[in-house]
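Colleague: Could you take a close look at one loop in chain A for me, and then set it in the context of the rest of the model? Informal is fine.

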Amino acid sequence: MGQLSSRTKWLLTALALLITAFHLIPFYILITTSLKKTGDFTSKWSFPDYFDTENFALAWEHANLGNAFVNTAIITILSAVLLIFFGSMSAYALARRTTKLNKYMYFLFVGVMVIPPLTALVPLYRLVVDIGLMNTHLVAILNNVAAFMPLTIFLYAGFIRSTIPKELEEAAKLDGASTLGVFFKVVFPLLKPITATVLIISSVYIWNDYQFAIFFLQDSSVQTLTVALAGFFGQNVSQLNLVAAAALMASLPMVIVFLFLQRFFIEGLAAGSVKG
Amino acid sequence: MAVVLTKASKKMKTTSRKMKKTRRESSLWWMYLPSALIVCLFIIYPFLDGIRISFTNWNGFSQTYDYVGLDQYKRMFADPDTWLVVKNTLLFGIGSTILQNIVGLGYALLLNHNLKVRTFTRTIIFLPVIISPLIMGYIWYFFFAFQGGALNDIIMFFGKEPINALGNPAVNPYIIVFVNTFQFVGIAMIIYLAGLQSISKDYFEAADIDGATGWQKFKNITIPLLMPSITINIVLNIIGGLKLFDVIVALTNGGPGNASQSMSTFMYNLYFSRQDAGYAATQGILMALIILVISMAALFYFKRKEVEA
């Protein structure tokens with residue numbers, strides 16, 4: 001926009017800082033709450049005049065957060081890897097071979113996006129019980145892969161159609177490489193930008209997922225962070241300081257990764273939601 | 001050299017044309033078979049099976065159940081809870097959409113100026129997007145809680161009686177709308193910022209020459225050219241708001257009674273707490289229909305506006 005007078009610029013800067021301060025309030029309260037000892041009823045707006053990390057140790061142990069971190073990491077990483085592997089391969093076939101079958105299949109994959117996943121909760125739960133996958137990492141992984149596969153295929157197919165020249169693959173084909181060989185050696189490395197987007201979107205949403213995890217992962221040995229936290233909250237409604245400590249620890253890893261890679265996160269999440 | 005290259009590429013083209021002919025039949029279907037199987041098993045089959053279960057009186061665990069025809073549907077339309085929950089769901093969907101778009105656009109207009117604090121402000125506003133909605137709900141719970149909440153610390157500081165905002169059915173649906181907006185306004189802001197940056201400065205310069213006021217420029221240039229971003233944001237936010245689940249669980253758990261229940265949390269309770277699986281499936285069908293109709297209507301309405309604009 002045009003030139004601003006320095007006075008307007010100062011006013012707008014002040015306004016931006018005011019908004020920033022407002023957005024920091026809940027995080028500030030989270031931190032002060034997590035630092036207060038049980039029985040300290042001083043205002044949540046003030047920091048305690050002592051430094052005590054007992055809340056964190058207690059919450060870590062009682063909410064079983066160590067175990068939950070491992071479960072969440074396993075589920076998130078494996079889901080993302082499977083999504084990228086099968087999603088890129090599927091999109092390649094669907095984008096490159098415009099046969100009648102592939103047109104129908106692409107329409108089916110993309111059309112599935114309009115089904116809100118939660119509406120099929122009852123039969124999905126029944127299916128998972130029937131195939132004996134209740135309380136396993138596998139069911140969470142398969143369900144996440146299914147839930148994000150349509151968007152993944154949509155993003156990859158759009159990228160392949162618009163940016164990967166066909167001639168490249170045909171040249172490799174002439175050298176006698178197999179279809180899979182061409183895909184993984186020639187095409188896949190060129191998909192890096194969209195792979196990053198898929199990786200960010202799926203990791204953020206799967207790491208943070210609660211609504212599916214709570215259905216399939218109720219046993220404490222397989223609980224993810226959100227499920228463990230919800231259980232811990234239920235037991236400690238009167239000890240918010242412990243819940244705050246647990247919530248802070250549970251969200252910290254994602255926040256740290258975000259602060260270091262924020263440009264990619266902001267671009268990736270916005271691009272993913274625009275195209276989705 | 002150039003001649004050799006063109007010759008080579010010509011040769012490549014004819015060969016590739018030949019190869020295309022021989023390969024035309026191949027759909028490479030085995031490449032998407034695993035994805036198709038997973039999607040069929042975990043999305044399409046449960047969705048279709050849900051339609052079937054909605055015609056039964058299944059309780060969620062026993063082996064036997066009866067087909068009851070349209071009974072669950074009749075029950076659903078006669079159930080006052082259905083209408084309460086639909087009303088809440090629409091409030092969450094439409095309320096969050098209006099708030100996120102107004103605030104998101106406001107933030108984008110502000111940050112479209114070249115301010116020193118721009119990146120910092122953008123990062124902080126966007127931060128909640130990457131935090132679990134459940135945890136974001138708990139974080140705001142610490143603010144609004146009746147006992148030991150930060151809001152009541154202020155109210156009591158001024159010598160007033162503490163308020164139970166989350167337990168008050170007249171207020172708590174709006175708190176849920178507020179928290180959902182707070183969490184996802186960052187995405188709306190980023191989409192609007194990208195939209196604003198794609199508008200050519202020439203339009204504004206031309207308008208300046210014609211002596212247009214700031215409001216006229218906003219109404220006649222910014223808004224029409226932002227129409228694609230507006231469409232995306234509205235459709236995105238409506239779908240997100242109608243599906244709301246985690247935040248409600250964290251803040252009110254649907255209570256008191258069913259006062260702040262959305263269709264998703266209501267369905268969850270019907271199935272897991274009340275063993276009413278057939279009825280839960282029927283509610284699921286209604287929810288899918290409502291989300292589908294509203295998001296498609298919004299999409300078509302705003303797409304048409306885009307063409308007009």
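Modeller: Sure. Let's start at A:Asn135, which sits in the loop between helix 5 (121-130) and helix 6 of chain A. Bear in mind that this is a predicted model. What catches the eye in the backbone is that A:Asn135 has a positive phi, about 55°, without being a glycine. Is A:Asn135 buried or exposed? Somewhere in between: buried would take 20 or more other C-beta atoms within 10 Å and exposed 12 or fewer, and A:Asn135 has 16 such neighbours, so it counts as partly exposed.

Chain B has a residue to put beside it. B:Gln275 also shows a positive phi, of about 50°, and is not a glycine either. B:Gln275 belongs to the loop between helix 12 and helix 13 (277-308) of chain B. Its count is 14 other C-beta atoms within 10 Å, so B:Gln275 is partly exposed as well. While you're looking at loops in chain B, check the one between helix 11 (246-251) and helix 12 (263-272), where you'll find B:Pro256. The peptide bond joining B:Gly255 to B:Pro256 is cis, with omega at about -5°.

Back to the loop at A:Asn135. The helix that follows, helix 6 (residues 137-163) of chain A, is the one that gives the most to the largest nonpolar core, with 17 residues. That core has 166 residues, and those touching the most other members are A:Leu229, A:Ala246, A:Ala247, B:Tyr138, B:Phe142 and B:Leu251. So you can see its members come from both chains. Take A:Ala246: apart from neighbours within four places in sequence, its contacts are A:Ala59, A:Ala63, A:Leu65, A:Leu229 and A:Phe232.

As for the chain around all this, chain A has 13 helices and zero strands. Its radius of gyration is 24 Å, well over the 19 Å that the globule rule gives for 276 residues, so chain A is more spread out than a compact globule. Along the principal axes, its C-alpha atoms fill a box of roughly 75 × 65 × 35 Å. Buried residues make up 45% of the 276 in chain A. If you take contacts in chain A between residues at least 6 apart in sequence, 76% of them join residues at least 24 apart.

Chain A is also split into domain 1 (6-52) and domain 2 (63-275), with C-alpha centres 34 Å apart. The contact between them takes six residues from domain 1 and seven from domain 2. On the domain 1 side, that's two nonpolar, three polar and one charged by class.

Now the contact between the chains: 73 residues from chain B and 81 from chain A take part. Helix 2 (residues 33-53) of chain B contributes the most on the chain B side, with 14 residues. That side has 54 nonpolar, 14 polar and five charged residues.

And confidence? The model scores ipTM 0.90 and pTM 0.88. Chain B has a mean pLDDT of 87, with 91% of its residues at 70 or more. Among its elements, helix 4 (residues 80-111) has the highest mean, 95, and helix 1 (residues 2-23) the lowest, 46. Over residues 1-18 of chain B the pLDDT is below 50, and that stretch has four contacts in the model beyond near neighbours in sequence.

Key
Residues are numbered from 1 along each chain as its sequence is written. Chains are lettered from A and ligands numbered from 1 in the order in which they are written. This is a predicted model: local features need pLDDT of at least 70, side-chain atom pairs count only at pLDDT 80 or more; totals for chains, interfaces and linings use all residues. Two residues are in contact if their C-beta atoms, placed from the backbone, lie within 7 Å. Helices (H or I, at least four residues) and strands (E, at least two) are DSSP runs, numbered from the N terminus. Ala, Val, Leu, Ile, Met, Phe, Trp, Tyr, Cys and Pro count as nonpolar, Asp, Glu, Lys and Arg as charged, and the others, Gly among them, as polar. Domain bounds come from an automatic or database domain assignment. pLDDT is the predictor's confidence in each residue, from 0 to 100. A nonpolar core is a set of buried Ala, Val, Leu, Ile, Met, Phe, Trp, Tyr and Cys residues joined through C-beta atoms within 7 Å. The radius of gyration is taken over C-alpha atoms; the globule rule is 2.2 Å times the number of residues to the power 0.38.
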